[in-house]
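Visitor: Could you take one part of this model, a helix with what packs on it, and go through it closely? Some context from the rest of the model would help too.

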Amino acid sequence: MNVDETNLPGLGLRKDFMTASGRRIGVVELREGQTELIISTWDDPDTCQASIPLTSDEAATLGNLLGGQHLAMKLTEEHKDVPGIVTRQFSIAPESPFQNQPMGKACIRTRCGVSIVAIMREGEVLPSPGPDVVLHSGDLLVAVGTLEGLDSAATILRHG
Amino acid sequence: MDPLALTLIELGAVVFCLGLLARLAGRIGMSPIPLYLLGGLAFGAGGVVKLEGMHEFSHLSGEISVILLLLMLGLEYTAAELFTGLRRSWQAGALDLVLNFLPGAALALLLGWGGVGAMVMGGITYISSSGIAAKVITDLGRLGNRETPVVLSILVFEDLAMAVYLPILTATLAGVSFLGGLTTVAIALAVVTVVLMVALRHGHHVSKAVHSENSEVFLLNVLGAALLVAGLASAMQVSAAVGAFMLGIAISGATAHNATRILEPLRDLFAAIFFVAFGLNTDPSSIPPVLGWALVLAVVTAGTKMATGIWAAKREGIARPGRFRAGATLIARGEFSIVIAGLAVASGAVPPYLAALATAYVLLMAMLGPLAARFVEPVVKVASRRRQVPAQA
């Protein structure tokens with residue numbers, strides 16, 4: 001993927017690329033530290049239909065949502081030869097009992113036979129997280145297991 | 001009344017009024033500069049109320065505001081940005097200079113204001129307001145637009161051109177001989193080049209020298225350094241403002257960012273007083289005779305800025321609507337036109353009608369610019385639709 005980086009003297013940096021559907025999409029990183037999500041209009045790729053200011057939390061969450069989807073799709077692709085094995089994503093809500101707790105406390109693998117294969121955090125991937133990794137609200141957990149196992153893992157992560 | 005008490009009361013009343021005007025400007029979404037100028041006109045020589053005690057204060061604060069404006073302009077861009085800007089946009093920048101300097105200069109010659117007047121008026125019509133342009137781009141959500149870097153790089157070029165123009169202007173206004181003028185320009189160019197080189201390689205040393213974690217120490221360091229450098233530059237006959245600009249460029253990175261944050265309120269205060277003071281010293285009754293010329297100049301130089309933007313954007317492969325947006329964003333003139341006019345008036349080397357013309361011109365352009373930027377897009381769309389309809393029929 002070819003991302004264009006354009007300097008905006010005095011204001012910041014624009015990073016964008018052209019989608020297959022003909023829209024230009026990207027972010028503007030302002031000097032003051034804010035991020036703006038930009039999406040071009042369909043009839044004039046030079047101009048922006050939307051320029052949405054995002055806080056760093058919002059930007060990280062959006063990154064997780066988009067990146068997590070990609071990772072889950074890849075994993076599903078790899079597991080498709082093993083019948084009964086499914087990939088699913090769980091997000092850690094602010095009210096989750098395991099927020100700010102090491103992941104091992106939830107005992108997901110012991111209790112449901114589900115493996116957490118990756119954590120998406122602030123747009124970055126933590127592959128094969130160990131039991132000591134502390135979970136934060138907004139984290140996206142990518143889990144692999146059977147359908148029933150994943151259902152019970154979801155309940156555990158939500159309610160303990 | 002005690003003269004000190006009178007001065008304080010007048011100053012307080014003026015600053016308070018400026019606050020009201022700035023709030024009004026914010027409410028209707030325009031630049032406060034035209035309102036400050038109007039406020040100054042109302043309270044100045046021949047205005048509604050005459051303020052006497054302000055005079056001394058406004059003179060020094062005018063000088064300081066010019067230094068602060070240029071210092072912050074320098075802080076805004078890093079040396080690397082200036083270099084790449086210069087390399088990428090020198091053709092557009094040169095076209096901008098020729099197209100927009102000439103109308104002002106020609107009118108000054110036509111009105112018989114001589115070479116000095118032409119030099120001043122050319123500068124006034126040349127320099128776009130980077131403050132208004134940046135605000136327009138942010139307010140209209142055009143940060144991510146493709147023509148925005150084109151506009152910004154032209155503004156960068158203009159700011160660099162100011163660094164060369166201001167010393168020449170100072171020398172011309174002081175009535176220095178041709179040879180003396182050449183020496184000043186040579187010194188200015190050498191200083192600009194050296195500072196850019198130093199800033200590019202050793203900017204962090206300069207930043208380190210003024211930097212401090214304590215915001216009070218930091219403010220005093222930066223302000224003191226700026227005034228010192230400006231004074232030294234002035235003693236070397238290369239214009240105090242350029243000294244401050246160069247210091248701004250040399251300070252880089254996080255230090256520059258912090259300096260901008262800390263100096264912003266100070267600059268706003270002094271700049272507002274400077275604009276008012278400029279209006280104060282202009283007699284409102286001298287404006288009507290030059291209003292016609294100001295209108296002509298406004299129309300012509302709006303057209304030339306438009307042409308500059310269209311040409312520059314077309315070179316970057318931007319489609320029709322984007323070209324017009326780029327042109328319209330450049331139209332606004334503001335703070336630096338008043339700075340140039342202020343320097344000229346302070347030197348006494350230009351006729352008083354120049355101040356009136358400059359005031360009327362900046363009033364028009366500071367209001368017209370943001371409006372043009374906002375409405376150019378629908379206008380272009382309607383115009384191109386009209387053109388397409390007969391083609392289909």
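Guide: The account starts with one helix and works outwards.

The model is predicted, so local features need pLDDT of at least 70 and side-chain atom pairs pLDDT 80 or more, while totals for chains, interfaces and linings use all residues. Residues are numbered from 1 along each chain as its sequence is written, with chains lettered from A and ligands numbered from 1 in the order in which they are written.

The part chosen is helix α10 of chain B, residues 240–250. Helices (H or I, at least four residues) and strands (E, at least two) are DSSP runs numbered from the N terminus. In α10(B), 11 of 11 residues are buried (20 or more other C-beta atoms within 10 Å of the residue's own; 12 or fewer is exposed, in between is partly exposed; C-beta atoms placed from the backbone). Among the buried residues are Phe245(B), Met246(B), Leu247(B) and Ile249(B), and Gly243(B) and Gly248(B) also belong to them.

The partner is helix α9 of chain B, residues 215–235: α9(B) and α10(B) pack at about 135 degrees with their axes 7 Å apart (axes fitted to C-alpha atoms, for helices over the stretch in contact; angles from 0 to 180 degrees between N-to-C directions). That angle makes α9(B) oblique to α10(B) (under 35 degrees is roughly parallel, over 145 roughly antiparallel, 65 to 115 roughly perpendicular, the rest oblique). From α9(B), the residues in contact (backbone-placed C-beta atoms within 7 Å) include Ala225(B), Ala226(B), Val229(B), Ala230(B) and Leu232(B). They face a set in α10(B) made up of Ala240(B), Val242(B), Gly243(B), Ala244(B) and Leu247(B). The contact counts 10 nonpolar, three polar and no charged residues (nonpolar: Ala, Val, Leu, Ile, Met, Phe, Trp, Tyr, Cys, Pro; charged: Asp, Glu, Lys, Arg; polar: the others, Gly among them).

Another helix pair in chain B can be set beside this one. Helices α1 (residues 3–27) and α2 (residues 33–43) of chain B pack at about 145 degrees, with axes 9 Å apart. Val14(B), Cys17(B), Leu18(B), Leu21(B), Leu24(B) and Ala25(B) of α1(B) meet Leu35(B), Tyr36(B), Gly39(B) and Phe43(B) of α2(B). By class, nine of these residues are nonpolar, one is polar and none is charged.

Chain B also touches chain A, in a contact of 23 residues from chain B and 18 residues from chain A. On the chain B side, two or more residues each come from α4 (79–110), α7 (148–173) and α13 (320–330), and α7(B) gives the most, with five. That side holds nine nonpolar, nine polar and five charged residues.

Chain A has three helices and nine strands, and 31% of its 160 residues count as buried. One open sheet in chain A has four strands in the order β6-β9-β7-β8, with antiparallel pairing (pairing takes at least two DSSP bridges). β6 (86–91) and β8 (124–127) of chain A stand at the edges with a single partner strand each, so one side of each has no neighbour in the sheet. The twist averages 25 degrees from one strand to the next. Strand β7 (residues 115–121) of chain A pairs with β8(A) over four bridges, and Ile119(A) stands opposite Leu126(A). Helix α1 (residues 56–79) of chain A packs on the sheet, touching β6, β7, β8 and β9 (140–145) of chain A, and its direction makes about 15 degrees with that of β9(A).

Methods: Two residues are in contact if their C-beta atoms, placed from the backbone, lie within 7 Å.
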